[in-house]
Amino acid sequence: MKRLIEKLQSLQNASEPVVSQLAEISVSKTFNKGLLLSTPDHSYPELYFIEEGLARGYFIFEGQENTSWILQSGFIFPTTPFFSYSQTNEYVNFLKDSSGYSISLSQWSDLAKSNPQFLIILLEIYEEHYWEIKQREQMLRIRHAETRFLYFQHKYPELIDLPIHKILASLLAIESKYLFKIKRKYRK
C-alpha cells in the first residue's frame, strides 16, 4: 500500500485524514498475467491502483489490437464511465502478475457527499490522467518514427527494455520490424 499512499499524499489537495479514509476503503488485489480486467461490455465502477506489475489498455480496430497505454504503476480507470453513460471500446489486461488495490467509486462518491475534498482529489486524479492522454496524443503526432521513439524513451525509460516489443510497437504506431531497427540503433 506504500505506493498508493505516497501517490495520494503527493496530490495537491490531499490531507492526511482523507488519505487515511481512502486507504481504508482500498481493497488489496492480485492481478494474474493475462487477466482481462475490463472490456467494452463489462467494467466495474472501480478505480484501480497498480503498486507493481504491468498492464495495458487496448482497442480492436479491423481485427487488430492497438495499444493505447502501458503502465507499471499508477491508476487504471474503469473502461465504462462512472459519471456518464458513454460507451468505450477499450480493454484492460495484465502483461505480468501484478499487485494493487481497487477503490469503489460508489464508496468514494459517498465520502464526497460529506466532504468535498474527496471529490477534489478524484478530480485531480482524473486531471492527471487527462494530461497523460494528451501527452500520448502529442507523441503520436510526431511524424518521424525514430523521433517518436526517442520521445517515448525520454519520457518512459523504464518501459523501453521490457519484453513487450509487439505491444510497444503498437503503442508507438511503428511497425515491429522498424522498431527493432530503431531500438538497435539507440541501444545503450
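**Phe 49 and its partner**

I started at Phe 49, which counts as buried at 3% relative accessibility. I take buried as under 20% relative accessible area, exposed as over 50% and partly exposed as in between, with a 1.4 Å probe and protein chains only. Before going on I noted that this is a predicted model, where local features need pLDDT of at least 70, side-chain atom pairs count only at pLDDT 80 or more, and totals for chains, interfaces and linings use all residues. Residues are numbered from 1 along each chain as its sequence is written, and side-chain values use heavy atoms, with hydrogens and water left out.

I then searched the whole structure for aromatic pairs and got 8. The ring of Phe 49 pairs with that of Phe 75: the centres are 4.9 Å apart and the planes stand at 70°, so I logged the pair as edge-to-face. My rule: rings of Phe, Tyr and Trp (its six-membered ring) pair if their centres lie within 6.5 Å; planes under 30 degrees apart are stacked, over 60 edge-to-face, and the rest tilted. Phe 49 sits in strand 3 (residues 46-61) and Phe 75 in strand 5 (residues 74-76), so this pair ties together parts 26 residues apart in sequence. Phe 75 is buried too, at 12% relative accessible area.

**Other rings**

Next I looked at Tyr 130 and Trp 131, whose ring centres are 5.4 Å apart with planes at 70°, so this pair is edge-to-face. Here the rings belong to partly exposed residues: Tyr 130 has a relative accessible area of 45% and Trp 131 has 46%. I also found a cluster in which ring pairs link Phe 31, Tyr 48 and Phe 94.

**Ile 76**

Tyr 48 and Phe 94 turned up again when I listed what Ile 76 touches. Ile 76 is in strand 5 and is buried, with a relative accessible area of 1%. Neighbours within four places in sequence aside, its contacts (heavy atoms within 4.5 Å) are Leu 37, Glu 46, Leu 47, Tyr 48, Ile 50, Ala 55, Trp 69, Leu 71, Val 92 and Phe 94. I also checked Leu 168, 92 residues from Ile 76 along the chain; the two C-alpha atoms are separated by 18 Å.

**Leu 22 and Ser 15**

I moved to helix 2, where Leu 22 is placed. Leu 22 counts as buried at 0% relative accessibility. Not counting residues up to four places away in sequence, Leu 22 touches Leu 8, Trp 108, Leu 111, Phe 118 and Ile 121. I put Leu 22 and Ile 103 at 7.8 Å, C-alpha to C-alpha, with their positions 81 residues apart in sequence.

Phe 118 came up once more with Ser 15: they are 103 residues apart in sequence and 9.7 Å apart in space, C-alpha to C-alpha. Ser 15 is in the loop between helix 1 (2-10) and helix 2 (16-25), and at 23% relative accessibility it counts as partly exposed.

**Positive phi**

I looked for residues with positive phi that are not glycine. Glu 62 has a phi of about 50°; it lies in the loop between strand 3 and strand 4 (64-71). Glu 62 counts as exposed at 72% relative accessibility. Ala 173 has a phi near 55° and lies in the loop between helix 7 (165-172) and helix 8 (176-185). At 51% relative accessibility, Ala 173 counts as exposed.

**Whole chain**

Last, I stepped back to the overall picture. I count 8 helices and 6 strands, using DSSP runs numbered from the N terminus (helices H or I, at least four residues; strands E, at least two). From the N terminus the order is α-α-β-β-β-β-β-β-α-α-α-α-α-α.

The radius of gyration is 18 Å, which agrees with the value near 16 Å for a compact globule of 188 residues; I took it over C-alpha atoms, with the globule rule being 2.2 Å times the number of residues to the power 0.38. The C-alpha trace spans about 55 × 35 × 30 Å along its principal axes.

Of the 188 residues, 42% count as buried. Among contacts with a separation of 6 or more, 70% are between residues 24 or more positions apart. The protein exposes about 11,100 Å², with carbon and sulfur atoms supplying 52% of it; these areas come from the Shrake-Rupley method with a 1.4 Å probe, and for residues only the protein chains shown count as cover.
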